[in-house]
Amino acid sequence: MTDQHVQQNISKMKRISQLFILWNGIFFIVSLVVRNSIASDAVGSVFLRGGFYAAGGLILIYLLNDMSKGKRSGWLRLSIISVLAPIGVLAFIIFTPHLPVWFIIGQIGSGLMCAALASILLRKDVRTYFSKEMVAARTQTTR
């Protein structure tokens, strides 16, 4: 895998992350507008989750910037987040009662975007590029 190919994959993931921020920002704003129609036992969850996910998208961008510099740590952290986030979304939907349907749809969309990131991050060629051996080899050639 060439550096150019990696940068193309990182660009795709940055677009997904930007969509993730926009998507969750919209759902957070909607939740503020319709807060009176949200069940009282779900209000806190809706606001916290919507705001946290919108802000969490900035972490995705930060980690992608680390990856674009060839840092394995960025790839490793983003891989863990992108695999665990869809599982967390599913658990959240199952175990949080009285969520509005529109919010469940928003959460599913967020989970699917994280799964899309995982599908790119965990491809064999990307995993190989960020393996310890490959990162060490690239570091030695730049010294």
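In the predicted model, Asp66 is a buried residue, its relative accessible area being 6%. The side chain of Asp66 takes part in a salt bridge with that of Lys71, with a distance of 3.9 Å from N to O. Lys71, in contrast to its buried partner, is partly exposed, at 38% relative accessibility. Two salt bridges are counted in the model. The other joins Asp125 and Arg123, whose closest N and O atoms are 2.7 Å apart. In this pair Asp125 is partly exposed at 25% relative accessibility, and Arg123 is likewise partly exposed, at 31%. Side chains of opposite charge can pair when their charged atoms come close. Over the protein chain as a whole, 15 side chains are positive and 5 are negative, and the centres of these two sets are separated by 2 Å.

The secondary structure of the protein chain consists of six helices, with zero strands. Read from the N terminus, the order of elements is therefore α-α-α-α-α-α. The C-alpha trace extends over about 60 × 25 × 20 Å along its principal axes. Of the 143 residues in the protein chain, 40% are buried. The accessible surface amounts to about 8100 Å², and carbon and sulfur atoms account for 68% of this area. When contacts between residues at least 6 apart in sequence are considered, 75% of them link residues at least 24 apart.

The interior was examined next. In soluble globular proteins, nonpolar side chains tend to be buried together. The largest nonpolar core of the model comprises 23 residues, of which Met13, Met67, Leu78, Leu121 and Phe130 touch the most other members. Two or more residues of this core are contributed by each of helix 1 (3–33), helix 2 (43–68), helix 3 (72–95), helix 4 (101–121) and helix 5 (124–129). A second core, separate from the largest one, contains six residues, among them Ile38, Val46, Phe92 and Phe103.

The surroundings of individual residues add detail to this description. When residues up to four places away in sequence are set aside, Met67 touches Ile10, Met13, Gly74, Trp75, Leu78, Leu121 and Phe130. Ser79 is located in helix 3. Its relative accessible area is 7%, and Ser79 is therefore classed as buried, since the cut-off for that class is under 20%. Beyond its neighbours within four places in sequence, Ser79 is in contact with Leu121 and Leu122. Leu121 is thus a contact of Ser79 and also of Met67.

Key:
Residues numbered from 1 in each chain as written. Predicted model: local features only at pLDDT ≥ 70, side-chain atom pairs only at ≥ 80, totals over all residues. Heavy atoms only, no water. Helix = DSSP H or I, 4+ residues; strand = E, 2+ residues; numbered from the N terminus. Buried < 20%, exposed > 50% of the residue type's maximum accessible area, 1.4 Å probe, protein only. Contact = heavy atoms within 4.5 Å. Areas by Shrake-Rupley, 256 points an atom, 1.4 Å probe, with all protein chains shown as cover. Lys, Arg positive; Asp, Glu negative; His and termini not counted. Charge placed at Lys NZ, Arg CZ, Asp CG, Glu CD. Core = buried A, V, L, I, M, F, W, Y, C linked by side-chain atoms within 4.5 Å. Salt bridge = Lys/Arg side-chain N within 4 Å of Asp/Glu carboxyl O.
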